[in-house]
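Thanks, everyone, for making the time. Before I say anything, please take a moment to look at the sequence and the model on the screen.

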Amino acid sequence: HIIYLPSMINNKIIAEQYGQGQRNGVYDALRHALWSALDAHDMGAQNAYDFHTLHETEHWHPIESPSDLINNGWGYNWAMSNGDPEDNINQFIADFNHAVQNGNISIIP
């Protein structure tokens with residue numbers, strides 16, 4: 001799906017503003033959830049799922065990848081229920097924080 005490449009790159013840049021250079025921890029989880037939500041909004045949940053799942057499986061890490069897939073899934077679901085996270089970033093972050101508190105986000109210490 002090369003037609004989505006420009007928006008995917010832009011979405012990665014946006015998400016990295018919230019977790020750039022972070023490996024594991026809450027900001028890494030936020031980055032994964034946000035990038036997935038942005039992609040799901042721009043190219044549909046199934047295309048975003050296919051891309052992000054392929055990315056995780058090609059770069060498989062036995063601890064990080066399952067956590068990243070959980071957080072990606074939360075992001076797709078958020079976008080399908082709420083629309084573009086970039087247009088409502090404060091609500092996205094509030095919902096993300098609530099999901100962290102409820103144990104719906106996977107955080108690797």
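Which residues in H5 are buried? Before I answer, a word on conventions: this is a predicted model, in which local features need pLDDT of at least 70 and side-chain atom pairs count only at pLDDT 80 or more, while totals for chains, interfaces and linings use all residues. Residues are numbered from 1 along each chain as its sequence is written, and side-chain values use heavy atoms, with hydrogens and water left out.

In H5, the buried residues (under 20% relative accessible area, 1.4 Å probe, protein chains only) include Ile89, Phe92, Phe96 and Ala99. They cover an arc of only 85 degrees around the axis, taken from the directions from the helix axis to the C-beta atoms, and this puts them on the same side of H5. On the other side of H5, Asn90 and Gln101 are exposed, meaning over 50% relative accessible area. Among what covers the buried residues of H5 are helix H2 (25-43) and helix H4 (64-82), helices here being DSSP runs of H or I with at least four residues, numbered from the N terminus.

As for the length of H5, its 13 residues (89-101) should span 18 Å at 1.5 Å a residue, and the end C-alpha atoms are 18 Å apart, which agrees; the expected span is 1.5 Å times one less than the number of residues. Just after H5, Gly103 takes a positive phi of about 80 degrees.

Turning to helix H4, Ser65 is found there and is buried, with a relative accessible area of 1%. Not counting residues up to four places away in sequence, Ser65 touches Glu56, His59 and Trp60, where contact means heavy atoms within 4.5 Å.

Notes:
Helix = DSSP H or I, 4+ residues; strand = E, 2+ residues; numbered from the N terminus.
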